[in-house]
Amino acid sequence: MHCVYLADLAAVLSTHGPAILYRRQSISPQAVTQYWTSSRTRLELWHGAIARYQRAEHSGDWVRMRAWWRDHIGVLEEILVSELLTRVVAALAAGLDRNQDDEELSPITHAIFLSHLETRNRVQHLMLFGRGSSVQNAVRLNRLRKGVERWNDALLGRLWSSVPTEIRYAIDADRARNYAEDARCQSCGDAQRTSDWLLAAAMHDTLSRRSSPTVALPQANRQVADSVLLMLRPELFDSVGTMKSLWMHRMQFDCERTNHVLDDLLACRNGKDGAPKNSTPTHHSFDRW
């Protein structure tokens, strides 16, 4: 799996983040464990690749350093681009654990975020002080880094516009707030869906043009994506497999709450009239919900 598809997954989570936070469904321990395991495995592969460069640098072998940059430029790009998904997942986890007695998800996602941030800093150090790289590679990586930072604030800003979440995961908090204000000014319905689609398409096109088409760690990226998808509970999807909107979740919740109120009222009335209290009332008008 190419790292750009991980960014696409981050855009989907950002678009449906308000609905995910509204439902506040519990995440299965299996999904959390798989996310931790797959992320740590990928981090170890990244660290191993950077360690090979350090050994070549310490030996002073210019040919090995040049060969390392030629073979591992895709790894550096994946570290930068996949940070989008790491930050969005960490922000969603912090929002899910807010106002909860036990924080089950955010400590794990935040630890993965800190490890990814440390690896990203090592990539930036290589971009500035690494030997054996061409000027073109350094410029291309820097352009990719700047694009990822801007799109990261855009995704977190749109997520933050509907349901306030942890803005600390943004690169530039002021820029993320500006994106949040722009998202609030947009109308709902078709206009908002079109805006979300255009934002995701523009991000995909930008990252695809600024990164190489080759994939460095396809299996590791796929495992991380599978673990994130495993966190999405079945209640978030409709009968055709499309994620429900926030409006649909609110309408469903209001209908369920109305049914409970009617059940309580009918139970009280049946108790006063002498009817059996264990009788099950029927509400034909709400069966379709």
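A helix, as I use the word in these entries, is a DSSP run of H or I that is at least four residues long, and the helices are numbered from the N terminus. I also note at the start that the model I am reading is a predicted one.

**Entry: glycine 157**

I looked up glycine 157 and found that its place is in helix H7, which covers residues 135-162. Is glycine 157 buried or exposed? Its relative accessibility is 0%, and because buried means under 20%, glycine 157 counts as buried. I then asked which residues it touches beyond its neighbours within four places in sequence, and the contacts I found are Ala176, Tyr179 and Ala180. I also checked asparagine 178, which is 21 residues from glycine 157 in sequence, while the two C-alpha atoms are 7.3 Å apart in space.

**Entry: arginine 140 and glutamate 77**

Side chains of opposite charge can pair when their charged atoms come close. I counted how many salt bridges the structure holds, and the number is 10. One of these joins arginine 140 to glutamate 77, with 2.5 Å between the closest N and O atoms. This pair links distant parts of the chain, since arginine 140 belongs to helix H7 and glutamate 77 to helix H4 (residues 62-81), with their positions 63 residues apart. For arginine 140 I noted a relative accessible area of 25%, so this residue is partly exposed, whereas glutamate 77, at 2%, counts as buried.

**Entry: glutamate 83 and arginine 87**

Next I looked at glutamate 83, which forms a salt bridge with arginine 87, the closest N and O atoms being 2.7 Å apart. Both residues lie in helix H5 (residues 83-97), and they are four residues apart, which is about one turn of the helix. I looked up their accessibility too, and found that glutamate 83 and arginine 87 are both buried. Which residues are linked with this pair in a network of salt bridges? I found Arg120, Arg145 and Glu149 linked with Glu83 and Arg87 in that network.

**Entry: arginine 177 and aspartate 174**

My last search was in helix H8 (residues 173-185), where arginine 177 and aspartate 174 are three residues apart and therefore separated by about one helical turn. Their side chains meet in a salt bridge, with a distance of 3.6 Å from N to O. Arginine 177 has 34% relative accessibility, so I recorded it as partly exposed, while aspartate 174 has a relative accessible area of 52% and is therefore exposed.

Conventions. Residues are numbered from 1 along each chain as its sequence is written. This is a predicted model: local features need pLDDT of at least 70, side-chain atom pairs count only at pLDDT 80 or more; totals for chains, interfaces and linings use all residues. Side-chain values use heavy atoms; hydrogens and water are left out. Helices (H or I, at least four residues) and strands (E, at least two) are DSSP runs, numbered from the N terminus. Buried means under 20% relative accessible area, exposed over 50%, partly exposed in between (1.4 Å probe, protein chains only). Contact means heavy atoms within 4.5 Å. A salt bridge is a side-chain nitrogen of Lys or Arg within 4 Å of a carboxyl oxygen of Asp or Glu.
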